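This report looks at how nonpolar side chains and paired strands are arranged in one protein chain. Please keep the sequence and the 3D view at hand while reading.

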Amino acid sequence: MLTIHNMDNTGECRQDEFSFTGMPGEPFASIDKALDERTIGHNPERLNLMKGGIVYSNAITTVSPTYANEVLNGGAAGWLRSTFARPELRSKFYGILNGIDIEEWDPATDPLLPANYDAERPGGKALCKKFLQQGLGLAVDEHKPLVAVVSRLVPQKGIHLIKAALFRTVERGGQFVLLGSGHSDPVFRSLADGQFKDHPDCRLKIMYSERLAHQIYAAADVVVVPSMFEPCGLTQMIALRYGAVPVVRRTGGLADTVFDVDGSGAAPTGSRNGFTFDGADDGSLHGALDRALQLYEQQPSRWSSLSRENMRLDVSWAKSAKSYVDVYRSIAAA
């Protein structure tokens, strides 16, 4: 079985480089095997290691059902779209939703938090919020909604929408905290050193910190995940586990884990747990974020109930592990 996390990283390889495996590359350099079709006519033509894995595996999985559908039918396969057009390859492709480590990510026992809490004892979350506000030098105000983004800062993650969420949150009187680093650092470094330097309601931490990530999830009322595409995403699952309410762009695994509280029909998780939007423009993000902030401000008891319900959701590997076992057994039986 080959499990693919992200179709963007396919492993282009020269044929002479492939020989370091102990096997020559030439026998695999055909379109039906592992030839990288982006390089046809180049000198030299190269191999695509992911394509080879897809062709030669007994089964292929990816990390959410919606991303699998986007790969097969929505263009997410990119240069591998002709490969996935082959019926014999489509038929052995499965989307299995990731989970998170619920022992590492457990607000009831997390040693990195100033106070622990869970759905039955939720009071510690307010203490975590106050601790973060004090620690980051924000205005200490339990009534201000705290909106957070914890993310790699790369185009995939919707940089312009993260920026839109920042400005919208502050405009509406909320607080905004960002933790992240990546290719798009300069956008947020400029804001951190300029317009939002020493701002009482905004902190932009352009860095990596495991401890601070845990503390932000525990303090956050809202976690924004506005990805352009997202094979699975763990951020929204951690947010749910820590009693935050996710605001997400409905793509990939985000669409499989976050279901709009204002939506209709059944939610597979058993609970409507956040706010979703479909567009890639600021207005679409504003619509979902505004609805979240309005609920926080106008219906605090409903918000509190939503937070506790999110903590009770199963975001573990239990269901996913069973699905993987089922695929392994189907291979063994074939």
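## The largest nonpolar core

A nonpolar core is here a set of buried Ala, Val, Leu, Ile, Met, Phe, Trp, Tyr and Cys residues joined through side-chain atoms within 4.5 Å, and buried means under 20% relative accessible area. In this predicted model, the largest such core has 38 residues, and the members that touch the most others are Tyr117, Leu132, Val177, Ile216, Tyr217, Val223 and Tyr242. Two or more residues come from each of the elements α6 (123-136), β6 (146-152), β7 (175-181), α9 (210-219), β9 (222-225) and α10 (235-241), with α9 giving the most, namely six residues.

Val177 shows what such contacts look like for a single residue: leaving aside residues up to four places away in sequence, Val177 touches Leu132, Leu136, Leu138, Leu146, Val147, Ala148, Val149, Arg203 and Ile216. Apart from this core lies another one, of 34 residues, which includes Leu153, Phe176, Leu191 and Leu306.

## Strand β6 and its partners

Strand β6 is mostly covered, since six of its seven residues are buried. On one side of the pairing record, β6 and β7 run parallel and are joined by seven bridges, with Leu146 having Gln175 in β7 as its bridge partner. Between these two strands the chain passes through helix α7 (residues 159-171), and the resulting β-α-β crossover is right-handed.

Strand β6 also pairs with β9, again in the parallel sense, over two bridges; here the bridge partner of Ala148 is Val223 in β9.

Note on methods:
Residues numbered from 1 in each chain as written. Predicted model: local features only at pLDDT ≥ 70, side-chain atom pairs only at ≥ 80, totals over all residues. Heavy atoms only, no water. Buried < 20%, exposed > 50% of the residue type's maximum accessible area, 1.4 Å probe, protein only. Helix = DSSP H or I, 4+ residues; strand = E, 2+ residues; numbered from the N terminus. Contact = heavy atoms within 4.5 Å. Pairing = 2+ DSSP bridges. Right-handed = clockwise from strand over helix to strand, strands pointing away.
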